[in-house]
Amino acid sequence: MEFNYLNKSSFLFNGTDMYQRFGIQLTEEPQDVFQPGLRPRKTTIPNRSGAYDFGARFYDERALTLSCVTTRIIERAGVREISYLLSKKGTIRIWNEPGKYYVGRLYDAIELEQLRRVGNRFALVFSCEPFAYGETIQRNFQGLYAPNYTGTAATPTRIEITNTGVRDAVGIRIMQIDKKVI
């Protein structure tokens, strides 16, 4: 789902604008890590100093913390509705990072603090996949096409090819695919 605008200090969870629907705003910038930790692949060898490093290639999850307040008191039924919505794994889009999203879920209990009978304060700590994702790109093309990859890490890629070329005498569409490794 692409979006063009989020209210400053807002976020989407699984396509739901949490500010518009529930009056939930972020009170500060999301707390995140510079880079998720690499999963070590090491072993110690008896009678040898240090450890043998097989080379780390994979990352651990990232914790994404969203400090929130509500613009009004949320009654118990509303808390249950928000809790149900946030109980699933989903996409998280933040107002200050357009075009990117995280995939995560909540695991820990959330403490809800009432603020002088005008709103609530709480922190959402999402356990997310290691990377921020961009939009899925679909292109129709004829002839040569070189995808523009702007990511910072190797990720799985799916390429679907539909042959709409001319048919030969037997009725088979003619197709030629050249693989060039850069």
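**Group meeting: a walk through one predicted chain**

Okay, let's start out in a loop: I45 sits between β4 (42-43) and β5 (52-53). Before I go on, keep in mind that this is a predicted model.

So what is I45 part of? Together with Y52 and F54, I45 makes up a nonpolar patch on the surface. The three of them add up to about 290 Å² of accessible area. I45 has 36% relative accessibility, so I45 falls in the partly exposed class.

Let me zoom out for a second. The chain has two helices and 10 strands. Reading from the N terminus, the order goes β-β-α-β-β-β-β-α-β-β-β-β. There are 182 residues in the chain, and 25% of them are buried. The accessible surface of the chain is about 14,100 Å², with 50% of that belonging to carbon and sulfur atoms. And if you take the contacts in the chain with a separation of 6 or more, 62% of them are between residues 24 or more positions apart.

**Helix α2**

Now for the second helix. Which residues of α2 are buried? In α2, residues 76-86, those are G78, I82, L85 and L86. They span an arc of only 90° around the axis, so they end up on the same side of α2. If you want the textbook reminder, an α-helix has 3.6 residues a turn, so residues three or four places apart point the same way.

And what does the buried side pack against? Quite a list, so bear with me: the buried residues of α2 pack against β1 (11-13), β2 (16-17), α1 (18-22), β3 (24-26), β8 (102-106) and β10 (119-128). Flip the helix around, and the face turned away from that buried side carries R76, A77, R80 and Y84, which are exposed.

One residue here deserves a closer look, and that's E81, which also lies in helix α2. Is E81 buried, exposed or in between? E81 comes out at 37% relative accessibility, so it counts as partly exposed. Once you set aside the neighbours within four places in sequence, E81 has contacts with R21 and F22. E81 and F22 are 59 residues apart along the chain, and their C-alpha atoms are separated by 9.6 Å.

**Salt bridges**

On to the charged pairs. As general background, side chains of opposite charge can pair when their charged atoms come close. How many salt bridges does the structure hold? Five. I'll take you through some of them.

One is D32 with R62, at 2.7 Å from N to O. This pair links distant parts of the chain, with D32 in the loop between β3 and β4 and R62 in strand β6 (residues 62-70), 30 residues apart. The two partners fall into separate burial classes: D32 is partly exposed at 32% relative accessible area, while R62 is buried at 9%.

Another is D60 with R39, where the closest N and O atoms are 3.1 Å apart. This one also links distant parts of the chain: D60 is in the loop between β5 and β6, R39 is in the loop between β3 and β4, and they're 21 residues apart. D60 has 31% relative accessibility, so D60 is partly exposed, and R39 is partly exposed too, with 44%.

And then there's E113 with R121, whose closest N and O atoms are 2.9 Å apart. E113 is partly exposed, with a relative accessible area of 39%, and R121 is partly exposed with 39% as well.

**Strand β6 and the cysteines**

While we're thinking about β6, have a look at T65, which lies in that strand. T65 is buried, with a relative accessible area of 15%. What does T65 touch? Leaving out neighbours within four places in sequence, T65 is in contact with P30, Q31, A123, L124 and V125.

Last thing, the cysteines. How many disulfides does the structure hold? Zero. For anyone who wants the term spelled out, a disulfide is a covalent bond between the sulfur atoms of two cysteines. As for where the cysteines sit, C68 is buried, with a relative accessible area of 0%, and C128 is buried with 1%.

That's my tour, so pull up the model and poke around.

Key. Residues are numbered from 1 along each chain as its sequence is written. This is a predicted model: local features need pLDDT of at least 70, side-chain atom pairs count only at pLDDT 80 or more; totals for chains, interfaces and linings use all residues. Side-chain values use heavy atoms; hydrogens and water are left out. Buried means under 20% relative accessible area, exposed over 50%, partly exposed in between (1.4 Å probe, protein chains only). Helices (H or I, at least four residues) and strands (E, at least two) are DSSP runs, numbered from the N terminus. The arc is that of the directions from the helix axis to the C-beta atoms. Contact means heavy atoms within 4.5 Å. A disulfide is a pair of cysteine sulfur atoms within 2.5 Å. Accessible areas come from the Shrake-Rupley method with a 1.4 Å probe; for residues, only the protein chains shown count as cover. Patches are made of residues with over 30% relative accessible area and no salt bridge: like charges are joined within 9 Å, nonpolar side chains (Val, Leu, Ile, Met, Phe, Trp, Tyr) within 5 Å. A salt bridge is a side-chain nitrogen of Lys or Arg within 4 Å of a carboxyl oxygen of Asp or Glu.
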